[in-house]
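Dear colleague,

I am handing over the structure below, together with some notes on what I found in it. Please read them alongside the coordinates and tell me where you would look further.

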Amino acid sequence: MKPPYDYRLNKPFLTPIIDIIKENNRIKTFIFEYNPISEPVKINPGQFVMVWVPGSDEIPMSVSHIGKNSKISISVADVGETTHLMHQLKIGDKIGIRGPYGNWFTSQNGTAIVIGGGIGMASVLSIIQDLSNHKNDPIDIKIDKIICINGAKTKSELCFNKELQKILKENDSLEICTDDGSRGFKGFTTEKLKEILNKGKSNSITVYACGPEKMLKTVFQICEDHNKIPVQLNLERMMRCGFGICGLCALDPTGLLVCRDGPIFTNEILREITDFGKIHRDFSGKTYLI
Ligand SMILES: Cc1cc2nc3c(=O)[nH]c(=O)nc-3n(C[C@H](O)[C@H](O)[C@H](O)COP(=O)(O)OP(=O)(O)OC[C@H]3O[C@@H](n4cnc5c(N)ncnc54)[C@H](O)[C@@H]3O)c2cc1C
Ligand code: FES
């Protein structure tokens, strides 16, 4: 899907936080209303917003819940200066939001395997909800089954399991993975994916995922090795402007920009990206091997 460009949404809209949910020791969900223009703003699964924390910086965040009456939420891992400041905010404090930006996940017929690695689960929550809505009401898209793989380093870092259990229905499944085996399958989400694909037929499957880029690269390779299963992968590169101006999120050698042409990429484009799963950029644009 191509992103919509509505330049009225490029200015941060200050809005008070109406609720905060502590997901675990590192992740908090912030709920607020986003109604910067007179008509409702359409946000699609996997799209992101730029969040301005007054007194600090502006950072990209996926929309984790797309609610009714302009109510949306973002789920933030405390990893650095701005996210740490966000974690100190209280209900009623204001944040600035602009967007939504980027393309989005699109539900496809058949079996859906959705993978969230760590905080990457925040970005795939809304596509899981969308897939489940299609499963309940199969008018245009028919979803047979949703298999969700939720992974983290250890059990205290797992998030959204209760919510996933509410969204998923009878023949769906939730596979929990921890690197240290403290809960569920001991090992990476990618090992679980391989196990699932090796058991069944790989036709009519689409894989949707968000997480560390190394994980995404492995997901991609596994899917390519299984008859080129279609993937929709959400790449989270370093961003500054969020809408195609600064060039910080460029993908070598394609020149595609994650903020404008992504953040969701499919097999055809991923095959062309030579630095996929290999590098990380800092804010100056300098690259480091990962
Ligand atoms: C499209 C998109 C959607 C995102 N969605 C979410 C989300 O839903 N929830 C969430 O918690 N985080 C999300 N992120 C990552 C988030 O933007 C960064 O963690 C945040 O910008 C860090 O800001 P900071 O000032 O706290 O940390 P900094 O002090 O700037 O950095 C702390 C550490 O995080 C790394 N980092 C900074 N920015 C990014 C980035 N864009 N991607 C990966 N690593 C980064 C730095 O290299 C450093 O190691 C998303 C990123 C993108 C590009
Ligand atoms: S963040 Fe500036 S071009 Fe993508």
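How many Å² does the protein expose, and what share of it do carbon and sulfur atoms supply? The exposed area is about 13,600 Å², and 53% of it comes from carbon and sulfur atoms. Please keep in mind throughout that this is a predicted model.

As to overall form, the C-alpha trace spans about 50 × 40 × 40 Å along its principal axes, and the radius of gyration is 18 Å, which agrees with the value near 19 Å that a compact globule of 290 residues would have. Of the 290 residues, 52% are buried, and among the contacts between residues at least 6 apart in sequence, 66% join residues at least 24 apart. The charged side chains comprise 36 positive and 33 negative ones, the centres of these two sets lying 2 Å apart.

Turning to secondary structure, the protein has seven helices and 18 strands. Seven strands form an open sheet with mixed pairing, in the order β11-β10-β9-β8-β12-β13-β16. Its edges are β11 (185–186) and β16 (264–266), and because each of these has a single partner strand, one side of each is left without a neighbour in the sheet. At the β16 edge, the partner is β13 (residues 231–234), which runs antiparallel to β16 and is joined to it by three bridges; asparagine 234, for instance, has isoleucine 264 in β16 as its bridge partner.

With best regards

Notes
Residues are numbered from 1 along each chain as its sequence is written. Chains are lettered from A and ligands numbered from 1 in the order in which they are written. This is a predicted model: local features need pLDDT of at least 70, side-chain atom pairs count only at pLDDT 80 or more; totals for chains, interfaces and linings use all residues. Side-chain values use heavy atoms; hydrogens and water are left out. Helices (H or I, at least four residues) and strands (E, at least two) are DSSP runs, numbered from the N terminus. The radius of gyration is taken over C-alpha atoms; the globule rule is 2.2 Å times the number of residues to the power 0.38. Buried means under 20% relative accessible area, exposed over 50%, partly exposed in between (1.4 Å probe, protein chains only). Contact means heavy atoms within 4.5 Å. Accessible areas come from the Shrake-Rupley method with a 1.4 Å probe; for residues, only the protein chains shown count as cover. Lys and Arg count as positive and Asp and Glu as negative; His and the chain ends are not counted. The place of a charge is taken as NZ of Lys, CZ of Arg, CG of Asp or CD of Glu. Two strands pair if DSSP finds at least two bridges between them.
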